[in-house]
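I set out to keep a short notebook on one protein model, entry by entry. The entries record what I looked up and what I found.

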Amino acid sequence: MALPDPDAPRRSSSSRSSRTSVRPDDRLEEEVTRSCRDKRDRFTNPWSTWQFPSGFMLTKFLLRKKRANSNFPARKEVLDSELPVLEPYFVNNPDLSPSGPGLRVTWLGHATVLVEMDGLNILTDPIFSQRASPFQFMGPKRYRGPPCSVQQLPRIDAVVISHSHYDHLDADTVASLNARFGAALSWFVPLGLKNLRAMNGCKNVMELDWWEENCVPTHDDVTFVCTPSQHWSRRNALDTNKTLWASWTVLGPEHSFFFAGDTGYCSVFKEIGRRFGPFDLAAIPIGAYLPRDVLKGQHVDPEEAVQIHMDLQAKRSLAIHWGTFVLAYEHYLEPPRRLKEALKQKGLNLESFFTLHHGESRLLTSHGADVYH
Ligand code: ZN
Ligand code: ZN
């Protein structure tokens, strides 16, 4: 069998390997929401739920920023007890046996998640730097450090990147991963990111449009599908929305995983759930949502995150995008509190959408009994 060519993404995903056999065939023909661009050739969101804050709103947001900084404690002892950073199980562990029949997930802070499934180790939106910024002397600084370094990670086979914002695409982390793994590492990025400066030097970069798919060379039983999200992109004053944003769907012979990246709520999650659900695990953002009048279009709140969990038909979800950087106005412990409330209101099991400590892992097994590390 020929190995997949990273430069030739296969058009339009249509099936989910062996599981599709129980699904009606007309699902393969079903219409899905495609990416689109405006007259200036910039990507746009095709949903009426999209809104971008006006200049007035943004100014108000930035002026009120100071208040946001008082929403997390300055004292390290408080943070250490409320949001402990644990050493991940794989650090100094010579026995890195695969998770066997289950899917193992480790939260490494913010939107960085390590997923071990179907023989692959997959990393999402990796950031191990102290700041989400082009500079390490200014910009949002993390108040909980990374639980490990790039050097301490186990073998990584694939990285998925959701979009170009600095808290999701960190140039120093990309460089460290590339230096350590080189061509053995496959990168999955949305349209436009392949040639971005941050990705410089990376080999094996697969750049995909929404609904296109590809796989790790030598491992074509696991499919990576670039799926939509409602967001935007920018790294500098001149490149707003020149690159696409995305969520990622990973479909293996035994397990399926969904990574939402950064997103506002829109109807596309029902589409993704219909096409690829149910998912064994989804990683869904729950933080950076206040004030709603400014952020609703681009960041879900915990209630909307639970709606996405339901739309996707996720069996389990992990809460991400909270507890690491101060990016918005809510109290730093509000997202998990509101998540629990939202789950109760929907009558859902609190364990169906869970949080992890920084560095903590969970092994999800098919018989429902979880193992913690
Ligand atoms: Zn973003
Ligand atoms: Zn973000």
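The entries below concern a metal site, a strand and several salt bridges in this predicted model.

**Entry 1: the zinc site**

I first looked up which residues hold the zinc ion (ligand 2). Asp-167 and Asp-262 each contribute an OD atom, while His-168 and His-321 each contribute NE2, at 2.1 to 2.4 Å. Along the chain, these donors follow the spacing D-H-x93-D-x58-H.

I then asked what the geometry is. The angles between the four donor atoms run from 85 to 152°, so the arrangement is irregular. A tetrahedral site would need all angles to lie between 85 and 135 degrees. For comparison, I noted that the ideal angle for four tetrahedral donors is 109.5 degrees.

Next I examined Asp-262, which bridges the zinc ion (ligand 2) and the zinc ion (ligand 1). The two ions lie 3.8 Å apart. Asp-262 sits in the loop between β12 (256-259) and α5 (268-276), and His-321 in the loop between β14 (317-320) and α8 (334-345), so the pair ties together parts that are 59 residues apart in sequence.

I also checked whether these two ligating residues are buried or exposed. Asp-262 is buried, with a relative accessible area of 3%. His-321 is buried as well, at 2%.

**Entry 2: strand β14**

I turned to the strand that comes before the His-321 loop. In a regular strand the side chains alternate between the two faces of the sheet. In β14, Ser-317 and Ala-319 point to one side and Leu-318 and Ile-320 to the other, and all of them are buried, which leaves both faces covered.

Which strands pair with β14? Strand β13 (residues 281-285) pairs with β14 in the parallel sense over four bridges, and Ile-284 has Ala-319 as its bridge partner. Strand β15 (residues 353-354) also runs parallel to β14, joined by two bridges; here Ser-317 stands opposite Phe-353. The chain passes from β14 through α8 to β15, and this β-α-β crossover is right-handed.

**Entry 3: salt bridges**

Side chains of opposite charge can pair when their charged atoms come close. I found a count of 16 salt bridges and examined some of them.

Lys-76 forms a salt bridge with Asp-80, with the closest N and O atoms 2.6 Å apart. The two residues are four apart in helix α3 (residues 76-82), so about one helical turn separates them. Lys-76 is exposed at 52% relative accessibility, whereas Asp-80 is partly exposed at 32%.

Asp-280 and Lys-315 meet in a salt bridge at 3.0 Å, N to O. This pair links distant parts of the chain, 35 residues apart: Asp-280 is in the loop between α5 and β13, and Lys-315 in the loop between α7 (302-311) and β14. Asp-280 is buried, with a relative accessible area of 13%, but Lys-315 is partly exposed at 46%.

Arg-338 and Glu-303 meet in a salt bridge at 2.7 Å, N to O. Arg-338 lies in helix α8 and Glu-303 in helix α7, 35 residues apart, so here too distant parts of the chain are linked. Both are partly exposed: Arg-338 has a relative accessible area of 23%, and Glu-303 one of 32%.

Finally, I asked which residues share a network of salt bridges with this pair. I recorded Arg-292, Lys-296, Asp-301, Glu-304 and Glu-334, linked with Glu-303 and Arg-338.

How values were computed. Residues numbered from 1 in each chain as written. Chains lettered and ligands numbered in written order. Predicted model: local features only at pLDDT ≥ 70, side-chain atom pairs only at ≥ 80, totals over all residues. Heavy atoms only, no water. Donors = N, O, S within 2.8 Å, 3.2 Å for Na, K, Ca; no water. Tetrahedral: all angles 85-135°; square planar, octahedral: opposite > 155°, others 65-115°. Buried < 20%, exposed > 50% of the residue type's maximum accessible area, 1.4 Å probe, protein only. Pairing = 2+ DSSP bridges. Right-handed = clockwise from strand over helix to strand, strands pointing away. Salt bridge = Lys/Arg side-chain N within 4 Å of Asp/Glu carboxyl O.
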